[in-house]
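Thanks for coming, everyone. I have one model to walk through today. Please bring it up on your screens.

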Amino acid sequence: MELGERKQKILTAVIDAYIRTGEPVGSKALAEMLDNAVSSATIRNEMAELASLGYLEQPHTSAGRIPTAKAFRLYIDRLMHRQALSEADRRGIDSLLSGASGDPERLIEEASQALAETTGCAAVTTAPAGRGAAIRRIEVLRASPRMAALLLMTGSGVLRTRVCRFDREIGDETLERLSKALSAGFGGAELAEIGLPQVQSLMAALGEDGLLCAPALTAFYELVQESAEAEIRLAGQLNLLRHPDYDPGRARDLLDFLARREMLSGLFSAMPLGLRVVLGSESERPELDGSSLIVTRYTLGGHPDGSIGIIGPLRMNYADAIPRLEYFAKAVGRLLDEIISDGGDTPPGTDVPR
């Protein structure tokens, strides 16, 4: 049923007031919010009809009403007046993320922390998609006569390092030959295409040095597997305990769900492209009943890549949270593009242990 203009105004006012106060909204308060353009009696009748249509409910015997998930869906899709993010807010977000310049993993971590801090919700950020990414750099760096550090960086900005120990001292010529063989054999290859048979073939191609270099080749294979797996960063879980909307049981169920990273990763990866707001039971996860998930993608090289989102109570300030999340996604994508296009010196955080 299509709601008339008056019902839409009343429902919008109820939702705005409920988001602001968390309290049921009565007809007298609504009349004042609407500048007394509509009488309290008329508002009561309209609210009764909105309740019968499933948009409002009465939590207890008071005259006040609160919006349902159905009401929030209509509000987000059609009734909400989105707020433009201020220049000061944009500069603040840029400042929060600027400290991670040059380090993709730290950027993802900082984005999660900053998003949780500025929204008061739990923030979830996934690393750039891995399995379709190609290897951009492979380096073998000496750490000691019997140790070397491998560095692997993908085209999506994922950076991994691992130290390996050899059975005996290894010469500079052997390390250089290994480094060249890895770059020639796997430079530009997609992570999903690299399996044990390919690594074993390279070991055989190294001839008498193959067995000596086995620890480094094992480390390389492990780095490929780690880089291919989608990683997820979670921050601000304890923010959820500060919201009165969650009773202890619901809060516990939600925190338990967030702790299961593989399920959270699956939920995010199943999201279609574009900004999505998932309300309560729409997620088909009972742990998210009474909660809202807002998620979007950040782009890498102009293409949608990782996901970034927030989880909080159904009573969320969507008009502020949505443009804030969208700006975070743009900022993360822009900074990742800068990191990946830099291609200069070894990124920070890759010091070789001595």
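**A loop, a sheet and the whole chain**

Let me start in a loop. Glu284 sits in the loop between S8 and S9. This is a predicted model, so keep that in mind throughout. Glu284 is not a glycine, yet its phi is positive, about 60 degrees. Is Glu284 buried or exposed? Its relative accessibility is 70%, so Glu284 counts as exposed.

Now step back one residue. Ser283 belongs to the loop between strand S8, residues 276-279, and strand S9, residues 291-300. Ser283 has a relative accessible area of 13%. The cut-off for buried is under 20%, so Ser283 is buried. What is Ser283 in contact with, leaving aside neighbours within four places in sequence? The answer is Leu267, Val278 and Leu288. So one loop holds both cases: Ser283 is buried, and Glu284 is exposed.

There is another positive phi to look at. Asn36 is not a glycine either, and its phi is about 55 degrees. Find Asn36 in the loop between helix H2, residues 27-33, and helix H3, residues 40-52. Asn36 has 58% relative accessibility. Exposed means over 50%, so Asn36 counts as exposed.

Next, the strands. Follow S9 onward and you reach a hairpin with S10, with 2 residues between the strands. Gly301 in that hairpin takes a positive phi near 65 degrees. How many bridges pair S9 with S10? There are 9, and the sense is antiparallel. To get your bearings, pick Ile294, which stands opposite Ile310 in S10.

S10 also pairs with S3. Strand S3 covers residues 122-126, and its pairing with S10 is antiparallel over 4 bridges. Thr125 has Ile308 in S10 as its bridge partner. So S10 has pairings with S9 and with S3. How many residues of S10 are buried? Strand S10 runs over residues 303-313, and 9 of its 11 residues are buried. The strand is mostly covered.

One more hairpin. Strand S4, residues 135-144, and strand S5, residues 147-154, run antiparallel, joined by 8 bridges. This hairpin has 2 residues between S4 and S5. For a landmark, take Arg142: its bridge partner in S5 is Ala148.

Now the whole chain. The protein chain holds 12 helices and 10 strands. What is its radius of gyration? The chain has 26 Å, whereas a compact globule of 354 residues would be near 20 Å. The spans of the C-alpha trace along the principal axes are about 90 × 40 × 35 Å.

Contacts next. Take pairs at least 6 apart in sequence: 65% of those contacts join residues at least 24 apart. Burial: 49% of the 354 residues are buried.

Surface and charge to finish. The chain exposes about 16800 Å², and 48% of that comes from carbon and sulfur atoms. Side chains: 39 positive, 49 negative. How far apart are the centres of the two sets? They lie 4 Å apart.

Three places to revisit on your screens. Go to the loop between S8 and S9, with buried Ser283 and exposed Glu284. Go to S10, mostly covered. And go to Gly301, with its positive phi in the hairpin of S9 and S10. Over to you.

Note on methods:
Residues numbered from 1 in each chain as written. Predicted model: local features only at pLDDT ≥ 70, side-chain atom pairs only at ≥ 80, totals over all residues. Heavy atoms only, no water. Rg over C-alpha atoms; globule rule 2.2 N^0.38 Å. Buried < 20%, exposed > 50% of the residue type's maximum accessible area, 1.4 Å probe, protein only. Contact = heavy atoms within 4.5 Å. Areas by Shrake-Rupley, 256 points an atom, 1.4 Å probe, with all protein chains shown as cover. Lys, Arg positive; Asp, Glu negative; His and termini not counted. Charge placed at Lys NZ, Arg CZ, Asp CG, Glu CD. Pairing = 2+ DSSP bridges.
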